[in-house]
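I opened my notebook to see what this structure would show me. Here are my entries, in the order I looked things up.

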Amino acid sequence: MFSADDPLPFAPQRILIAGVSGSGKTTFARRVGAVLSLPTYELDALHHGPGWTPRAGFLDDVRAFAASDTWVSEWQYTSKGVNDVLPPRADLVVWLDYPDRVVRARLWRRTLGRSILRRELWNGNREPTLWRLAMTTAPEENVLRWQTQTLGRWRELMPGYEGRFPHLAIVRLRHPRETDRWLDAMRAACE
């Protein structure tokens, strides 16, 4: 496993960004894609159809971009078949393993902003209103509760994934400052 300051021995071409909800996977995937000139694929946009219903073609879309030579995407939807498609094709995982207080604050800010502004996310979907969030107890319908339920998930799963996907280089970033430092190093390596 690599840290923020360890140089990679190769130029990554297929990158997964791992982390709990609120860690900034999607934003960071876009940043990495821009720095390395790699196409970025957002799994939430591929997964959620109108009315938050799962799209029937989700896994086919994931297979299609995974078959290409270069990409960046988030590592999520592991129970929906993604683990059979993306990790075997990826060559690098960047794990955003931030302190719980950091990801909690980020998710609250993001959720409140989306809820108040009623900004469209994917396929006509919007974050629930604050009232609905307060009244919804099911984690799969409330991202704040989902994060609480899954906060330590990657710390539990990553050792097993290291064994299951030994070809994957894993960079573990423990704070947003490390993430910025790592991305700056990648930018410098590309110049």
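**Entry 1: Arg155 and its partners**

I began with Arg155, which is partly exposed at a relative accessible area of 35%. I am working with a predicted model, so side-chain atom pairs count only at pLDDT 80 or more. Which residue does Arg155 form a salt bridge with? I found Asp100, with the closest N and O atoms 3.2 Å apart. Asp100 sits in helix α5 and Arg155 in helix α8 (residues 153-164), so I noted a link between distant parts of the chain, 55 residues apart. Asp100 is also partly exposed, at 33% relative accessibility.

Next I followed the charges onward. The side chains of Asp97 and Arg172 meet in a salt bridge, 2.6 Å from N to O. Here too distant parts of the chain are linked: Asp97 is in the loop between β4 (92-96) and α5, Arg172 is in strand β5 (residues 169-173), and the two are 75 residues apart. Are Asp97 and Arg172 buried or exposed? I wrote down that both are buried. I then put the four names together: Asp97, Asp100, Arg155 and Arg172 are linked in a network of salt bridges.

As a reminder to myself, side chains of opposite charge can pair when their charged atoms come close.

**Entry 2: The salt-bridge count, and Arg30**

How many salt bridges does a search of the whole structure find? My note says ten. One I looked up is Arg30 with Glu42, where the closest N and O atoms are 3.4 Å apart. Arg30 lies in helix α1 and Glu42 in the loop between β2 and α2 (43-47), so this pair ties together parts that are twelve residues apart in sequence. I logged Arg30 as partly exposed, at 45% relative accessibility.

**Entry 3: Helix α1 against helix α9**

I stayed with α1 (residues 25-36) and looked at how α1 lies against helix α9 (residues 176-190). Their axes come within 9 Å and cross at roughly 20°. That angle makes α1 roughly parallel to α9, because angles under 35 degrees count as roughly parallel. α1 passes α9 in a right-handed crossing.

Gly33 is also in helix α1. I found Gly33 buried, with a relative accessible area of 6%. The C-alpha atoms of Gly33 and Gln13 are separated by 9.8 Å, and the two residues are 20 apart along the chain.

**Entry 4: Two positive phi values**

Most residues other than glycine have a negative phi, so I looked up two residues with a positive one. Ser37 has a phi of about 55° although it is not a glycine. I placed Ser37 in the loop between α1 and β2 (40-41). Tyr77, not a glycine either, has a positive phi of about 60°. Tyr77 is in the loop between β3 (71-74) and α4 (86-89).

Which of the two is buried and which is exposed? Ser37 is exposed, with a relative accessible area of 64%, whereas Tyr77 is buried at 16%. I checked the second call against the cut-off: Tyr77 counts as buried because its relative accessible area is under 20%.

**Entry 5: A nonpolar patch on the surface**

Which residues form a nonpolar patch on the surface? I listed Trp108, Leu112, Ile116 and Leu117, with about 410 Å² of accessible area together. I looked at one of them more closely: Ile116 is in helix α5 (residues 100-117). Ile116 has a relative accessible area of 57%, so Ile116 counts as exposed, being over 50%.

**Entry 6: Pairs apart in sequence**

To finish, I looked up two more C-alpha distances. Ala18 and Val171 are 153 residues apart in sequence and 9.9 Å apart in space. Ala18 belongs to strand β1 (residues 14-18), and I noted Ala18 as buried, at 0% relative accessibility.

How far apart in space are Gly124 and Pro50, C-alpha to C-alpha? I wrote 5.9 Å, for residues that are 74 apart in sequence. Gly124 is in the loop between α5 and α6 (130-135). With a relative accessible area of 46%, Gly124 is partly exposed.

Note on methods: Residues numbered from 1 in each chain as written. Predicted model: local features only at pLDDT ≥ 70, side-chain atom pairs only at ≥ 80, totals over all residues. Heavy atoms only, no water. Patch = residues over 30% accessible without salt bridge, like charges linked within 9 Å, V, L, I, M, F, W, Y side chains within 5 Å. Areas by Shrake-Rupley, 256 points an atom, 1.4 Å probe, with all protein chains shown as cover. Helix = DSSP H or I, 4+ residues; strand = E, 2+ residues; numbered from the N terminus. Buried < 20%, exposed > 50% of the residue type's maximum accessible area, 1.4 Å probe, protein only. Axes fitted to C-alpha atoms, helices over the stretch in contact; angles between N-to-C directions. Parallel < 35°, antiparallel > 145°, perpendicular 65-115°, else oblique. Left-handed = near helix turned anticlockwise from the far one by under 90°.
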